[in-house]
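This report introduces a structure to a reader who has not met it before. The sequence and the structure are shown first, and a description follows.

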Number of protein chains: 6
Amino acid sequence: MSDSLTHLNAQGEANMVDVTDKAVTQRQATAQGYIKMSADTLAMITEGKHKKGDVFAVARIAGIQAAKKCGDLIPLCHPLMLTKVQVDFTPEPEHNRVKVTSLCKLSGQTGVEMEALTAVSVACLTLFDMCKAVDPNMVIEGIAVTTKSGGKSGHWERTQSC
Amino acid sequence: MSDSLTHLNAQGEANMVDVTDKAVTQRQATAQGYIKMSADTLAMITEGKHKKGDVFAVARIAGIQAAKKCGDLIPLCHPLMLTKVQVDFTPEPEHNRVKVTSLCKLSGQTGVEMEALTAVSVACLTLFDMCKAVDPNMVIEGIAVTTKSGGKSGHWERTQSC
Amino acid sequence: MSDSLTHLNAQGEANMVDVTDKAVTQRQATAQGYIKMSADTLAMITEGKHKKGDVFAVARIAGIQAAKKCGDLIPLCHPLMLTKVQVDFTPEPEHNRVKVTSLCKLSGQTGVEMEALTAVSVACLTLFDMCKAVDPNMVIEGIAVTTKSGGKSGHWERTQSC
Amino acid sequence: MSDSLTHLNAQGEANMVDVTDKAVTQRQATAQGYIKMSADTLAMITEGKHKKGDVFAVARIAGIQAAKKCGDLIPLCHPLMLTKVQVDFTPEPEHNRVKVTSLCKLSGQTGVEMEALTAVSVACLTLFDMCKAVDPNMVIEGIAVTTKSGGKSGHWERTQSC
Amino acid sequence: MSDSLTHLNAQGEANMVDVTDKAVTQRQATAQGYIKMSADTLAMITEGKHKKGDVFAVARIAGIQAAKKCGDLIPLCHPLMLTKVQVDFTPEPEHNRVKVTSLCKLSGQTGVEMEALTAVSVACLTLFDMCKAVDPNMVIEGIAVTTKSGGKSGHWERTQSC
Amino acid sequence: MSDSLTHLNAQGEANMVDVTDKAVTQRQATAQGYIKMSADTLAMITEGKHKKGDVFAVARIAGIQAAKKCGDLIPLCHPLMLTKVQVDFTPEPEHNRVKVTSLCKLSGQTGVEMEALTAVSVACLTLFDMCKAVDPNMVIEGIAVTTKSGGKSGHWERTQSC
């Protein structure tokens with residue numbers, strides 16, 4: 001862990017970190033997040049008439065597309081050529097929420113945790129969009145990196161709860 | 001509040017809601033969210049050598065830009081011509097977190113809460129990006145709409161905590 | 001019908017047509033197209049194990065998103081604020097093809113037939129992408145405007161077959 | 001040829017195919033398509049006053065730009081770094097149409113036929129846009145991959161007519 | 001003329017200016033710029049074998065497309081629906097340069113001079129790109145607003161030379 | 001130096017240059033430009049109340065983001081995966097201007113001077129946007145490549161003044 005912010009120079013000016021000399025290795029990251037909603041809203045997208053509907057398909061595509069746009073959304077992220085993006089949804093009725101997880105991979109010079117986090121965030125926002133007319137009180141929470149591997153720092157796994 | 005999902009038809013197929021006949025009114029929404037980090041990381045961006053640095057400026061710009069891209073990120077959002085986007089940051093050292101708030105406005109046919117939520121989400125992701133080398137355990141949480149006005153449904157204000 | 005190309009001046013130079021003084025009216029366009037595939041491929045996406053899968057949902061979202069990007073894809077198209085985009089799929093096993101239709105609407109100063117055509121084209125390309133590993137011989141065909149209304153030229157309806 | 005759709009898992013959920021372990025090889029694809037128009041419209045863009053105009057130049061640029069945007073347009077396409085894109089036009093007055101062909105190349109882990117198809121499609125749409133005021137009945141047809149090489153599956157060439 | 005920067009608040013924080021309450025009026029702006037090159041390079045694109053080539057057509061399209069992307073490129077610009085964009089080129093062999101001019105129009109709540117400047121800048125960059133292999137010493141210069149009208153401040157015309 | 005334009009074929013048709021067979025080498029380019037403004041405007045962003053404000057931070061981010069979008073802005077540029085982008089500002093009160101410099105790097109098959117030039121151009125445009133309400137007469141000038149290295153042509157350094 002470095003003791004200063006990698007994107008800022010001594011004058012506090014933010015620039016894109018130089019990764020030109022970093023090795024090309026296989027890199028992978030997973031992230032997760034939750035969208036909390038009322039029991040009724042959750043039932044609406046997981047049971048009955050909307051059960052087989054497009055809700056999760058739309059949010060999955062939005063998350064995948066967003067991972068590819070990460071370098072455009074996050075100003076100091078490098079443009080990357082992801083070789084794999086996956087977004088999954090697990091309704092957790094016991095917690096009145098949907099768990100969203102993502103996996104990103106590439107062979108490259110820098111990690112893909114921002115891509116994984118972006119996929120989760122935008123998938124959550126898309127679920128919010130489709131349910132907001134019935135439940136404006138939803139909350140997106142617990143967006144965090146869960147694992148990360150590849151590169152000099154090797155394998156990292158979240159140990160704190162979120 | 002409607003009793004079914006506005007974006008889905010009877011077959012569960014998702015399409016963009018028709019707002020052609022809705023009135024053009026002034027609409028406004030605010031949203032908020034938090035990024036939780038270690039006390040050390042928070043100190044690093046709010047005190048001492050990085051205090052006057054670009055950290056919040058970069059995240060603010062990322063949030064504003066993301067609000068403008070909302071129709072491209074969220075598949076069923078309408079393209080909108082925002083007339084105002086504002087993103088603010090309040091360090092909350094007592095909670096080891098930064099509070100992020102946003103305000104979006106337009107004269108248009110549909111609400112701007114997704115734009116406000118997107119601004120907060122991407123501002124949080126950008127703070128994550130700049131601090132991740134020192135603190136990979138950060139968590140983004142509590143992303144929610146706080147107020148909304150304009151349009152047929154009038155003024156709405158969040159009453160539940162998040 | 002004009003007797004010269006509206007986007008070109010006397011020197012043959014292409015520029016965006018000036019619509020500043022055109023009235024804001026409700027405009028609407030529909031378009032259609034087909035993707036022809038083998039009977040086996042068509043069966044794969046409409047019956048059996050993939051039947052309830054995401055195939056059409058993904059293509060629908062791609063078409064809707066593309067309609068919103070039309071002004072970015074087609075150099076001389078005006079940026080527009082679509083108020084409605086809809087994309088539908090009708091498998092036609094008797095012709096070994098899927099019919100793709102779209103509907104776009106807005107209140108604005110110029111027509112939306114390019115948006116409708118772009119939605120159909122990209123929806124077809126997305127179906128091609130998902131099926132190409134099993135059927136590289138697919139053909140996209142019959143992409144055409146079917147109706148158009150609003151603006152000075154009023155209602156127009158395709159009379160020729162395609 | 002695989003016997004199931006590569007982008008869908010057993011639950012029918014669509015995700016980006018994992019190409020992380022595929023070899024980097026030189027890959028190339030060509031595609032073609034047609035835009036059918038009236039004899040008058042075709043004459044307008046190939047003879048007389050518009051002959052030396054920008055019509056084909058604009059459509060060529062649109063096609064090239066679209067090939068670069070393919071990963072953004074087609075949800076499950078990987079982002080790719082194309083090393084060559086070429087788009088050509090051949091007026092075919094005997095068939096009242098313009099033939100559009102494209103060639104895409106890269107050194108990478110996945111094929112470029114979607115990029116070649118996207119270039120052809122958007123070039124056709126751009127011709128449609130510039131001619132639509134004089135000929136709204138145009139039809140885009142016969143969009144197909146013609147050849148493909150590189151990668152595990154080696155050289156492939158279309159044998160069916162389109 | 002205001003006596004402080006409109007985009008910054010008292011804390012020096014940059015946000016998008018609020019134009020929600022500004023009147024919708026017809027607005028227009030023109031801008032210009034130059035790309036200086038060697039006499040040989042200029043001759044290459046204006047005479048002989050490349051004379052009827054696509055060079056200016058490509059740069060014109062790039063400029064028009066860039067005007068439409070202005071809100072995405074310039075962080076605090078509002079998204080706008082341009083109703084007209086025009087880009088023109090005048091070779092000035094007596095000065096070894098090409099003059100690039102642009103015109104942007106819309107009915108809206110804020111001016112379009114940034115769109116006009118962006119069109120000129122990107123058209124110049126595109127000419128640079130096409131000529132750089134023969135003339136890496138080119139210089140882009142004199143990019144400025146020439147006229148501006150519409151809105152509260154009325155008609156403005158550049159009086160200083162550039 | 002080639003004796004004809006690399007992007008045009010014998011018919012004057014512009015296409016993306018084929019770099020498929022070029023070696024992957026470390027490439028780097030620097031560029032510079034200036035924005036000339038009144039002494040008062042320059043003082044406003046470098047002294048007194050706006051001194052510690054976001055002005056340069058916003059322009060820096062805009063320049064970095066634009067470098068990443070270069071392949072989308074300049075029609076015949078290849079998409080590239082930049083490994084480093086840096087943008088710096090030097091107020092030059094003796095010349096009533098701000099000097100903007102950029103540095104871009106990548107390991108790739110083609111040079112990055114267009115990315116460096118685009119970063120400088122858009123950073124200048126962003127400064128223009130933030131200062132235009134107080135000083136509409138600003139001029140952007142002297143945008144040029146200063147050094148370039150990597151690839152077959154090796155190191156190149158500007159010798160002419162600009």
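Helices (H or I, at least four residues) and strands (E, at least two) are DSSP runs, numbered from the N terminus. By that scheme, Arg158(B) belongs to the segment after strand 5 (156-157) of chain B. This is a predicted model, in which local features need pLDDT of at least 70 and side-chain atom pairs count only at pLDDT 80 or more, while totals for chains, interfaces and linings use all residues. Residues are numbered from 1 along each chain as its sequence is written, chains are lettered from A and ligands numbered from 1 in the order in which they are written, and side-chain values use heavy atoms, with hydrogens and water left out.

**Arg158(B)**

Arg158(B) is buried (under 20% relative accessible area with a 1.4 Å probe, protein chains only; exposed is over 50% and partly exposed lies in between). Arg158(B) nevertheless has no salt bridge (a side-chain nitrogen of Lys or Arg within 4 Å of a carboxyl oxygen of Asp or Glu). The nearest side chain of opposite charge, that of Asp135(A), is 7.5 Å away; in this count Lys and Arg are positive, Asp and Glu are negative, and His and the chain ends are not counted. The side chain of Arg158(B) does reach the backbone oxygen of Asn137(A), at 2.8 Å. Contacts (heavy atoms within 4.5 Å) of Arg158(B), not counting residues up to four places away in sequence, include Pro136(A), Met138(A) and Val139(A) as well as Ala144(B) and Thr146(B).

**The annotated site in chain A**

In an unreviewed UniProt entry, the annotation "binding site" covers Leu76(A), Cys77(A), His78(A), Met114(A) and Glu115(A). These residues span 40 residues in sequence, yet no two of their C-alpha atoms are more than 12.5 Å apart, so they gather at one spot. UniProt positions are given in the numbering used here, feature names are shortened, and annotations may be inferred rather than shown by experiment.

Leu76(A) is placed in the loop between helix 3 (70-73) and strand 2 (84-92) of chain A, whereas Met114(A) lies in helix 4 (residues 113-131) of that chain. Leaving out residues up to four places away in sequence, Leu76(A) touches residues including His7(A), Val58(B) and Ile61(F). On the same basis, the contacts of Met114(A) include Cys77(A) and Phe128(B).

**Gly33(F)**

Gly33(F) is found in strand 1 (residues 25-36) of chain F. Gly33(F) and Ile140(F) are 107 residues apart in sequence, and their C-alpha atoms are 7.4 Å apart in space. The table lists three buried residues with their accessibility.

| Residue | Relative accessible area |
|---|---|
| Leu76(A) | 2% |
| Met114(A) | 2% |
| Gly33(F) | 0% |

**Chains B and E**

The size of an interface is often given as the accessible area lost when the parts come together. Chain B and chain E bury about 1600 Å² between them (accessible area, 1.4 Å probe, lost on being put together and summed over both), 50% of it on carbon and sulfur atoms. In chain B, Lys68(B), Met81(B) and Thr83(B) lose the most area to chain E, together 34% of what that side buries. The contact takes 18 residues from chain B and 20 residues from chain E.

Three salt bridges are found across this interface of chain B and chain E. Glu13(E) and Arg60(B) meet in a salt bridge through their side chains (3.6 Å, N to O).

By contrast, no contact joins chain B and chain D, whose closest C-alpha atoms lie 10 Å apart.

Note on methods
Polar contact = N/O pair within 3.5 Å; in protein donor to acceptor, adjacent residues only side chain to side chain. Buried area = accessible area lost by both parts, 1.4 Å probe.
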